[in-house]
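Subject: Structure handover

Hello,

Here is the structure I promised to pass on to you. Have a look at it first, and then read on for what I found in it.

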Amino acid sequence: MGLDRDDDASYEAQARLVHAAYDAGIDVVDTAPLYGFGASERFLGRFLAESKLPLRVLTKVGLRWDAPSAHGDVLFVADDGAGVTRTVRKNARPESIREEVLRSLERLRLPRLPLVQLHHPDGRVPLDETLASLVDLHREGRIEAVGLSNHGPEVVEEAARILERQSVGRLPLSTAQDAYSLLARAPEQGLFAVARARSIGVLAYSPLAQGLLSGAMGPDRAFDPGDWRTTQPLFSRANRSRIHAVVREHLEPIAARTGTSPAAVALRWVLGRREVLAAVVGVRSLAQLDAALETSRFDLTAHERASLGEAFASLRLRTRVSRVDQLLTKIGRRLGR
């Protein structure tokens, strides 16, 4: 939900948003210590304490920016919004996992965590050691369920077997979180099959491909200076032009038929997969929340689902940002386009 700040003004706006989501029937929130470098969990802890709403919080472990030791491979380096450069490292060592869970419990002000997901693979730490720490935390009553995020199907299968053995069947792998949308179809290549066989719920994040499927991300869209999307091949001017053409040709007619929006249609397509337990949608305004809730008002026909899948699968997108694209992006920013 874009809960990445914890100042008072931001808190009030975010609290109204979560209240509205709950009133609409949404009682699960996805977060992580990494989001806002702790701010998201602190916000939720305060909100839960003040509102008393019975929200279920899904959080994560395995990425550290706050550890005193520099263990683990660097995933990325970023400014935290307050002028401090943060180095985020993969760290799935058992002692780090335990420390993260205890810190999340403190920030969230909860006696136990409903779901803890390993945020990213850490090639330096054996998976069985990481999962053993989570099994111990489950036995202690600190966490209720375990999942993985950003792991391939082979690792998901391996983790399911390890957890079954270590917990003697008491702690199955509950979820596998991965990017899935009309533009990101990797879960269809193995993850969904593992999920069906193991009764694992898939949590689909970025179901709108960071806005590319919303209908508002055409080739003339201007990005703010420093926006990370300007360096990503998928967001090149040429790619946005191709994607926007397919959005107009295939998503917009269905949106017109259902009285909704292209974003709602794209989200409905994701939710139509039986392996998808839920879609993780980031919303920063009541208008965006209302748009996401439109998915409950309609369904897609089998023909529409198939035609949408084929139309976006046939897209030939560039995998590198050309110098011309970079120049056009800079010119667009200067012209305010």
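In the antiparallel pairing of strand β4 (residues 74-79) with β5, V74 stands opposite R89 of β5. Please keep in mind throughout that this is a predicted model. The pairing of β4 and β5 runs over five bridges, and the two strands form a hairpin with five residues between them. In the turn, look for G81, which has a positive phi of about 90 degrees.

R89 turns up again on the β3 side, as the bridge partner of R64. Strand β3 (residues 63-64) pairs with β5 (residues 85-90) over two bridges, again in the antiparallel sense. Together the three strands make an open, antiparallel sheet in the order β3-β5-β4. This leaves β3 and β4 as the edge strands, each of them pairing on one side only.

Next, the parallel pairings. In general, strands of a sheet pair through backbone hydrogen bonds, either parallel or antiparallel. Strand β6 (residues 115-118) has parallel partners in both β2 and β7. With β2 (residues 56-61) there are four bridges, and V61 has L118 of β6 as its bridge partner. With β7 (residues 146-149) there are three bridges, and here V116 is matched with V146.

Which residues of β6 point one way, and which the other? L115 and Q117 point one way from the strand, while V116 and L118 point the other way. All of these residues are buried.

The connection from β6 to β7 is worth a look too. With helix α4 (residues 127-139), the two strands make a right-handed β-α-β unit. S133 has its place in α4 and is buried, with a relative accessible area of 7%. Leaving aside neighbours within four places in sequence, S133 is in contact with P94 and I97.

Now for two helices whose burial I compared with the cut-off of under 20% relative accessible area.

Helix α6 (residues 191-198) has L191, F192, V194 and A195 buried. Seen down the helix axis, the buried residues of α6 fall within an arc of 160 degrees, so they line one face of the helix. Their cover includes α5 (153-166), β8 (173-179), β9 and β10. Right after α6 comes S199, with a positive phi near 55 degrees.

For helix α8 (residues 262-271), nine of the ten residues are buried, so the helix is largely enclosed by the rest of the structure. The buried ones are P262, A263, A264, V265, A266, L267, R268, W269 and V270; note that R268 is on this list. The elements that cover them include β9 (201-205), α7 (237-258), β10 (276-280), α9 (286-293) and α10 (302-313).

P262 in α8 deserves a closer look. Why does P262 count as buried? Its relative accessible area is 14%, and buried means under 20%. P262 and E252 are ten residues apart in sequence, with their C-alpha atoms 5.4 Å apart in space. Not counting neighbours within four places in sequence, P262 is in contact with L213, S214, G215, V247, L251, E252 and A255.

That brings me to the nonpolar cores. In soluble globular proteins, nonpolar side chains tend to be buried together. The largest core here has 75 residues, and those touching the most other members are L173, L213, L251, L308 and F312. Helix α8 gives the most to this core, with seven residues. L251 is a good place to start browsing: leaving out residues up to four places away in sequence, L251 touches L182, L213, V246, P262, V265, A266, L308 and F312. There is also a second, separate core of five residues, which includes L34, F37, L63 and V88.

If you want a short tour, I would begin at the β4-β5 hairpin with G81 in its turn, go on to the right-handed unit of β6, α4 and β7, and finish at the largely enclosed helix α8.

Best wishes

How values were computed: Residues numbered from 1 in each chain as written. Predicted model: local features only at pLDDT ≥ 70, side-chain atom pairs only at ≥ 80, totals over all residues. Heavy atoms only, no water. Buried < 20%, exposed > 50% of the residue type's maximum accessible area, 1.4 Å probe, protein only. Contact = heavy atoms within 4.5 Å. Pairing = 2+ DSSP bridges. Right-handed = clockwise from strand over helix to strand, strands pointing away. Core = buried A, V, L, I, M, F, W, Y, C linked by side-chain atoms within 4.5 Å. Arc of directions from axis to C-beta.
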